[in-house]
Amino acid sequence: MAQWWNRTEARDWLDRLERFSLDELAAEAEAKTIAAHGAVVTYSRKVFIPLTKLCRDVCHYCTFAHRPSQLTAPFLEPEEVLEIARAGEQRGCREALFTLGDQPEARYSAARRWLDERGFASTLDYLAHVAALVLEETSLLPHLNPGIMTAADYEKLRPVSASMGLMLESTSDRLCAKGMPHYGSPDKIPEVRLKSLRDAGEAKVPFTTGLLIGIGETRLERVEALLAIRDLHARHGHIQEVIIQNFRAKTGTLMAATPDIGLDEHLWTTAAARLILQAEMVVQAPPNLQPGQLGKLIRAGVNDWGGVSPVTLDHVNPEAPWPHLEQLETQTEEAGRHLRQRLAIGPAFARAPGLWTDEALQPRIRRAIDARGLPRDSDWHPGTGGAIPEGPMSIGIGGDKEIRIALGRVEHGEELGAFHIERMFGAEGRDFERICRVADELRHDRVGDTVTHVINRNINYTNICLYRCGFCAFSKGSTKSERGPAYNIDHAEIARRTVEARERGASEVCLQGGIHPSYDGNTYRGIVQAVKDAVPDMHVHAFSPLEVHHGATTLGLDYEDYLASLKECGLATLPGTAAEILSDDIRDIICPDKLSTGEWLAVMQAAHKVGLKTTSTIMFGHVETYAHWATHLLRLRELQMETGGFTEFVPLPFVHMEAPNWRRGQTRSGPTWRETVLMHAVSRIALDGAIPNIQVSWVKLGPEGAARILQAGANDLGGTLMDESITRAAGGVNGQEFGVPEMRALAHGIGRRLQERTTVYGLATGETVA
C-alpha cells in the first residue's frame with residue numbers, strides 16, 4: 001500500500017488536476033459520479049447529540065469545545081439524550097449522531113469526577129451506555145464521533161452503533177507546529193488519526209472521514225490526505241463516505257480573522273476527491289456551509305449531504321442553520337438529481353450488515369431497507385393488504401443518462417445487458433415514470449389491451465418437505481410441526497378436488513407440494529394419472545423443477561427421459577417456481593440444500609426439449625441485489641432464445657411476515673412498492689422479444705396493486721387459484737380465490753377488457769372478450 005507521505009504520487013496527481021480548468025474537472029467528476037451512483041443524492045435525517053462539549057484538544061478554529069465553567073454539566077444526562085432522540089424520532093429521523101470532545105477526562109477533573117460518580121471508567125464507556133439506551137428506547141441508529149479510538153474502543157462501541165466517524169482533516173504535520181491550527185492538540189497528529197482510521201478498518205466499522213479545508217493547508221497536502229484515505233479504503237473497504245468540509249471562521253477563536261475558503265477552492269477539492277477516490281466512494285459536503293451553491297457542489301462530485309436535522313442545530317457550526325428539507329430537495333432536484341434519505345450506515349454497508357455490523361443490529365438494518373440499502377419509502381409490504389402508495393413514486397426530472405440510453409436502445413430493438421437492466425431498477429422520478437410508460441407501450445404493442453386469466457385450482461398435495469428453505473412458511477418437517485398441521489392427501493382426494501374444479505369451470509389444475517420423504521418419481525406419475533382418470537381433458541400444470549429433479553434422481557433417470565414419461569401420463573405444462581433467484585450465491589443463503597441455478601435451468605431446458613411449455617418466476621425482496629435481478633432476467637432470456645418454451649414471466653414479491661428467515665432477522669421485509677412496480681416494468685423491457693407475457697400476482701399484491709401493475713407492463717392476472725395456500729402460510733391476507741366477476745371489474749376499472757385464456761395463452765373455448 002502506498003504511504004500517505006509518498007509525495008511523488010501526490011505531485012503527479014496535483015500536476016494532472018491543475019492542467020484542467022475547474023469547469024473541466026467538475027464535468028469529469030460529475031460524469032464519474034453519475035456512472036457510479038446514478039441520479040440519487042442521499043442524506044441522513046438525524047438528531048445531533050452533543051454528549052459532552054469538553055475536549056482535551058485546543059484546535060484554533062473550534063467553537064464546539066468549552067471549558068467546564070462554561071457548561072451547566074460536563075455531560076448530558078441519559079434522560080437528556082433520550083429526550084433529544086425521541087424528539088428526532090417523532091420528526092422522522094433515523095440517526096442519532098453523537099458528537100463529543102476527545103477524552104475530556106484526561107484534561108478536566110470535572111469530567112473525571114462526573115464519570116466516577118456514575119460508575120463509568122471513561123467517556124467512551126459512558127458513550128456506550130447512552131448509545132445502547134437510544135437503541136433500546138427508540139428506532140434511531142447511533143453514529144458515533146468520539147475522536148481518537150483504539151482497537152479495544154471499536155470493539156466496545158461496535159455493538160451499539162451502526163457506524164462511526166473521525167475526520168482525518170489533514171495529513172500535514174506542518175499544521176501541528178507552533179502557530180498553526182492544530183498546535184497543542186495531541187489528537188490531531190496525522191499519524192495518530194491515520195492509525196485510528198486503520199484500526200476502524202480492521203474492526204470492520206463502517207466509517208466516515210474527510211478533509212477540513214481552508215485552515216492553512218496547501219492543495220498538495222489535500223491531495224496527500226485524499227490518497228491516504230484512498231489507500232486505507234483499498235486495504236479495508238470500510239470508508240462509507242468522505243466529507244469535504246470547508247472552513248468557516250468563527251468569532252471568539254484564534255482563527256476568527258482567517259478568511260473563509262472560497263467556493264471555487266471548495267469545488268476544486270470536491271472534484272479532486274471524486275477523481276482520486278474509488279468510483280463507488282460517497283463524497284459529501286455539508287449543505288449548510290455553502291448556502292445557495294448546492295447545485296455547483298453536485299456538479300463537482302457530491303452525492304451525499306450528510307446528516308441534516310429538523311430538530312437540532314449543527315453544534316459544530318452553530319452559525320450555519322440546516323437548510324429546510326424541502327429546500328434541500330428542491331435544490332437537489334434543480335441540479336437534476338433525486339434526494340433520498342439514507343440510514344446512519346451507508347447503503348453499500350447496509351446491504352451487507354453481516355459483514356459490517358454487530359449481530360444484534362443486523363435485523364433492524366435489514367428490515368429497514370430496500371435492495372439498494374436505502375430506507376423503505378413507505379409502510380407498504382407485499383401480502384399485508386396495506387394501501388398502495390398514492391401518486392407518483394417521486395417528483396423531479398429524469399437525471400440518469402444511462403437509463404435514457406437503455407430506453408433508447410430498446411426503442412431501436414436492441415437487447416439490454418446487465419448494466420442497463422440493473423440501472424433501471426434504481427430509477428426514480430421521471431426516469432421511473434418513463435420506464436413504466438415504455439413498458440406499458442411494449443405491452444400494448446406485443447399482446448394488446450386485453451387482460452388475460454385462466455380459471456384454475458391449486459392442489460397442494462403435501463406440505464411435508466425434506467428441504468429447509470429459509471423463506472418458506474408452507475412446508476412442514478413432520479406431522480408434529482410447530483408451524484401448523486402437516487398433511488399428505490391421497491389420490492382419491494386429488495381426484496375429488498379435480499372434479500370439483502371442473503364443476504366450477506376450471507380448465508387447469510396446478511399441482512405442487514413439498515418433497516415428502518416417501519416420494520419418488522413414480523409418486524408424481526401417480527398424481528398426474530389421478531387427475532387424468534378423474535377428468536381426462538383437464539390441463540395438468542404441475543411440478544416445479546425441484547420436484548422434477550427429485551423424481552428423476554430417485555428413479556435414476558435423466559431429466560428428459562423422466563419428463564417424457566410424465567408427459568405420457570398426461571402432464572401438459574410445468575410451473576417455473578423454485579427459481580427464487582438464479583444466482584448460487586443467493587441460493588446458498590436462502591435455500592442451500594435446494595437444486596442449483598444450473599439444475600433449475602437444466603430442468604427447464606429439458607422440459608422445453610420434450611415439448612412441455614413452462615412458466616418462469618423470480619422471488620425477490622429478501623437478501624439479493626438489483627445485480628442479481630438483472631442476472632436472473634438475462635438467464636431466462638438466454639434460455640428462452642434457445643428453446644422458446646417459456647409462456648410467461650411471473651414476479652413473486654417475497655411475503656415476509658411468517659417467513660422463518662425474516663423472523664430470525666436474516667432478510668429484508670419484501671420489496672418496496674417502487675421495486676415491485678419496476679420488477680414488472682423492467683422485466684417487460686428486458687424480456688421484450690423473448691417472453692411475451694408478464695403476469696402479476698394478485699395473491700401477493702391484492703386487486704388494487706394488480707391494477708396498478710397492469711398499467712406498467714403486465715398483461716395477465718394468472719389464475720383464479722381456488723385454494724391458494726402458500727402465500728397465506730407466509731402471512732398473506734388476500735383471499736383464496738379471485739373470481740371472474742372481480743377480475744372483470746378490475747380490468748374495466750383501468751379501461752381494459754378481460755379474456756379467459758388457456759394455460760398456454762390460447763383463447764379459451766367459447767370464451768368472449770368482456
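**Exercise 1.** Is the crossing of α16 and α24 left-handed or right-handed, and how are the two helices placed against each other?

*Solution.* The model examined here is a predicted one, and the first step is to locate the two elements, helix α16 at residues 418-425 and helix α24 at residues 626-643. Their axes lie 8 Å apart and meet at an angle of about 130 degrees. Because angles over 145 degrees count as roughly antiparallel and those from 65 to 115 as roughly perpendicular, with the rest taken as oblique, α16 is oblique to α24. The contact between them is made on the α16 side by Ala418, Ile421, Glu422 and Phe425, and on the α24 side by Tyr626, Ala627, Trp629, Ala630, Leu633 and Leu634. As for the sense of the crossing, α16 and α24 cross in a right-handed manner.

**Exercise 2.** Determine the strand order of the open six-stranded sheet and identify its edge strands.

*Solution.* Reading across the sheet gives the order β11-β12-β13-β14-β15-β16, and the pairing is parallel. The edges are β11 (456-460) and β16 (646-653), each of which pairs on one side only. From one strand to the next, the twist averages 30 degrees. At the β11 edge, the partner is strand β12 (residues 508-512), joined to β11 in the parallel sense over five bridges. Within this pairing, Asn458 has Cys510 of β12 as its bridge partner.

**Exercise 3.** Which residues touch the most other members of the largest nonpolar core, and what surrounds Trp600?

*Solution.* The largest nonpolar core holds 115 residues, and those touching the most other members are Ile435, Leu511, Phe543, Trp600 and Ile685. Helix α26 (residues 673-686) supplies the largest share of this core, namely eight residues. Turning to Trp600, and leaving aside residues up to four places away in sequence, one finds contacts with Pro545, Gly576, Thr577, Ala578, Ala579, Leu582, Leu595, Leu636 and Phe646. Another core, of 85 residues, lies apart from the largest one and includes Ala111, Tyr126, Leu135 and Leu141. As a general background, nonpolar side chains in soluble globular proteins tend to be buried together.

**Exercise 4.** How many residues of strand β5 are buried, and how is β5 joined to β4?

*Solution.* Strand β5 spans residues 207-213 and is mostly covered, with seven of its seven residues buried, where buried means under 20% relative accessible area. Strand β4 (residues 163-165) runs parallel to β5 and is joined to β5 by two bridges. In this pairing, the bridge partner of Met164 is Phe207 of β5.

Definitions and conventions. Residues numbered from 1 in each chain as written. Predicted model: local features only at pLDDT ≥ 70, side-chain atom pairs only at ≥ 80, totals over all residues. Heavy atoms only, no water. Pairing = 2+ DSSP bridges. Helix = DSSP H or I, 4+ residues; strand = E, 2+ residues; numbered from the N terminus. Axes fitted to C-alpha atoms, helices over the stretch in contact; angles between N-to-C directions. Core = buried A, V, L, I, M, F, W, Y, C linked by side-chain atoms within 4.5 Å. Buried < 20%, exposed > 50% of the residue type's maximum accessible area, 1.4 Å probe, protein only. Contact = heavy atoms within 4.5 Å. Parallel < 35°, antiparallel > 145°, perpendicular 65-115°, else oblique. Left-handed = near helix turned anticlockwise from the far one by under 90°.
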